[in-house]
Amino acid sequence: MRVPRFIGKPALESLGGATGAVIENPIDGVLYWLIEPGAAAAWDLSLLPSVQVWGATAYIEVPPVARTTGPGVHWRVPLRYGRHLTDPTALLAALKIATSAALGPREGASR
């Protein structure tokens, strides 16, 4: 899940301890969440115009486990035992809130 920083930072704050591991690429200004493959297949991405769901064939630079600061690609939220992936339902809710705050309400969004 590729999310621009201006949406990803507030989404990350909203998720708090419920987030799984997150990779930050400060050069591209994006955060990457790891979710179960196919978990976002039914998402209406028109409500999340700046978010990209990447599949199994996507290339994401993964930093070494111990790299938790920049410069360069690093773990914004480090890997934790038993908590690598983020719950897709919680992530979707956080992304909708952050997108609405950054870009205004999206047409078709539930109220």
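**Exercise 1.** In this predicted model, decide whether Ile23 is buried or exposed.

*Solution.* Start with the relative accessible area of Ile23, which is 1%. Next, recall the cut-off: a residue counts as buried under 20%. Ile23 is therefore buried.

**Exercise 2.** Find out where Ile23 lies and which residues it touches, leaving out those up to four places away in sequence.

*Solution.* First, locate the strand: Ile23 belongs to β2, residues 22-25. Then look around Ile23 for contacts, among them Val30, Leu31 and Tyr32. Continue along the chain and you will also meet Ile60, Glu61, Val62 and Pro63 as partners of Ile23. Finally, add Val73, His74, Trp75 and Arg76.

**Exercise 3.** Work out which residues of the largest nonpolar core touch the most other members, and which element gives the most to this core.

*Solution.* The core has 20 residues, and those touching the most other members are Met1, Val3, Trp33, Trp43, Leu91 and Leu95. Two or more residues come from each of α1 (5-15), β3 (30-33) and α2 (88-103). Of the elements, α2 gives the most, with five residues. Now zoom in on Trp43: beyond four places in sequence, Trp43 touches Met1, Leu48, Pro88, Leu91, Leu92 and Leu95. Another core, of six residues, lies apart from the largest one and includes Ala21, Val30, Val73 and Trp75.

**Exercise 4.** Say which peptide bond is cis and where Pro71 lies.

*Solution.* Check omega from Gly70 to Pro71: it is near 5°, and this bond is cis. Then place Pro71, which sits in the loop between β3 and β4 (74-77).

Conventions. Residues are numbered from 1 along each chain as its sequence is written. This is a predicted model: local features need pLDDT of at least 70, side-chain atom pairs count only at pLDDT 80 or more; totals for chains, interfaces and linings use all residues. Side-chain values use heavy atoms; hydrogens and water are left out. A nonpolar core is a set of buried Ala, Val, Leu, Ile, Met, Phe, Trp, Tyr and Cys residues joined through side-chain atoms within 4.5 Å. Buried means under 20% relative accessible area, exposed over 50%, partly exposed in between (1.4 Å probe, protein chains only). Helices (H or I, at least four residues) and strands (E, at least two) are DSSP runs, numbered from the N terminus. Contact means heavy atoms within 4.5 Å.
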